[in-house]
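User: I would like the reasoning behind some structural labels. Please set each value against its cut-off.

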Amino acid sequence: MWAVRHVTDEERRARLARRHGLAPAHRYDEAVAATRAMTVLHATEAPSVHLALHARVADLAVADVDRALYEDRSLVKQLAMRRTLFVFPRDLLPAAWGSASARVAGPLAVRLAKEAVAGGLSEDGAAWVDAARDAVLARLAGGDELSAQEIREQVPEVAAKVELGRGRWAQPVPVAPRVLGLLGAEGSIVRARNATHWRTARPRWTAMAAWLGDVPEPLTEAEGYAALVRRWLWTFGPGTTADLRWWLGGTLGAVRRALADVAAVEVGLDGGGVGWVLPDDVDPEDPVAPWAALTPVLDPTVMGWKERDFYLGGLGPRLFDTNGNAGTTAWWDGRVVGCWVQDAAGVVEVRVLTDLPDEGHAALAVEAERLTAWLEGHRVSTVYPSAAMAPSATR
């Protein structure tokens, strides 16, 4: 197959600016629209959800995000691709349940069964997992929202601990969170309201049926992957097969089938690579005026591709940790140019790691002031700091 046309890196950055709502002139009006535009939001760290939306939505309040998550429930947290927690638009959940989440849940169940046997909880690990699953679901069926500790205290079947590791590294680990993780991946239960402020994750759990009211059936595996790939291609296309396989956490066969199912078409990329776009999304993208943005740890744009040179350049080692987790990022004109941190008073400071024109420095200063005002003195911590975010880091 011949590529329909060539998409330059500059054009890819223009698509990113508009579709991801990062260019201030193209921000979205509300949180759900911005989330749908990104396909999903990373939610491994609780504040990343609010900060990612603040970067993309004009006049956003913390209460707007909380309302979508906990009152309207139009945005829902779900363990899915790469065993990562995401915020999904509600209508996309059945696609994940039938594909990416199911791929995560299967190995979790197998591992938990082995741990139950090794920990002396049962000689039949699979039967123990089934009994634990049923007991938790029975307790949450009425719609109660309970913390992991409360579930452990109220459901004897998951009150035990198993010893993991060997020798001096062995330690007793509660099984309740592991059971909850499995049920969450399956879509049987859900992280409901947060028991503390938005900058810290202390989720309460409840039954998915009670939380949503109407729970649709999961799509088939093929239908689910096709739905996810269709959304991803609109958000991140053009992207390569390697990008998609990494993002989905799926097999090469699943990716290829999904690309065929959505009738994706090839485009040429700078550097000689081949990318994919949707068949109705091949028209050229107009240029975007230079823009600045500040995005949080594990931002969905920064984490959207495996092959990141067209926006990251050579800054990856300074802005990602050794496990591939992105720290905060500062953007100028479609490229990552540094990171941001906060001082003791909560004031946002931009750390630029490359040469910028005065216009770029000025635009980033505006975004730093905007974020500082929005945070109202609250400091946001992370367990994924990049090297550039370290107190001693310099250019």
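User: Which residue is the bridge partner of L41 in β4?
Analyst: V87 is the bridge partner of L41 in β4. Bear in mind that this is a predicted model.

User: What makes β2 and β4 a pair?
Analyst: The cut-off is at least two bridges between the strands. β2 and strand β4 (residues 84-89) have two bridges, so they count as paired. Their sense is antiparallel.

User: What is the strand order in the sheet that holds β2 and β4, and why are β2 and β3 said to stand at the edges?
Analyst: The order is β2-β4-β3, in an open sheet of three strands with antiparallel pairing. β2 (41-42) and β3 (75-80) each have a single partner strand, so one side of each lacks a neighbour in the sheet.

User: How do you know that β9 pairs with β10?
Analyst: Pairing takes at least two bridges. Four bridges join strand β9 (residues 265-269) to β10, so the criterion is met. The two run antiparallel. One of the bridge partnerships links V265 with V277 in β10.

User: Where does that pair sit in its sheet?
Analyst: The sheet is open, has three strands and follows the order β1-β9-β10. Its pairing is mixed. β1 (6-7) and β10 (274-277) are the edge strands, because each has a single partner strand.

User: Why is H50 called buried?
Analyst: Buried means under 20% relative accessible area. H50 has 3%, so the label applies. H50 is found in helix α3 (residues 46-54).

User: What makes the H50 and D66 side chains a polar contact?
Analyst: The cut-off is an N or O atom pair within 3.5 Å. The H50 and D66 side chains are at 2.9 Å, and the pair is classed as a polar contact. Leaving aside neighbours within four places in sequence, H50 is in contact with residues including L60, V62, L69, W198 and W374.

User: Why are α11 and α13 called roughly perpendicular?
Analyst: That label covers angles of 65 to 115 degrees. Helix α11 (residues 221-236) and helix α13 (residues 252-261) pack at about 70°, so they are roughly perpendicular. Their axes are 8 Å apart.

User: Which residues meet there, and how many are nonpolar?
Analyst: From α11 come A222, Y225, A226, V229 and L233. From α13 come A254, R257, A258, L259 and D261. Eight residues of this contact are nonpolar, two are charged and none is polar.

Notes
Residues are numbered from 1 along each chain as its sequence is written. This is a predicted model: local features need pLDDT of at least 70, side-chain atom pairs count only at pLDDT 80 or more; totals for chains, interfaces and linings use all residues. Side-chain values use heavy atoms; hydrogens and water are left out. Buried means under 20% relative accessible area, exposed over 50%, partly exposed in between (1.4 Å probe, protein chains only). A polar contact is a pair of N or O atoms within 3.5 Å; within protein, one must be able to donate a hydrogen and the other to accept it, and residues adjacent in sequence count only if both atoms are side-chain atoms. Contact means heavy atoms within 4.5 Å. Axes are lines fitted to C-alpha atoms, for helices over the stretch in contact, and angles run from 0 to 180 degrees between N-to-C directions. Angles under 35 degrees count as roughly parallel, over 145 as roughly antiparallel, 65 to 115 as roughly perpendicular and the rest as oblique. Ala, Val, Leu, Ile, Met, Phe, Trp, Tyr, Cys and Pro count as nonpolar, Asp, Glu, Lys and Arg as charged, and the others, Gly among them, as polar.
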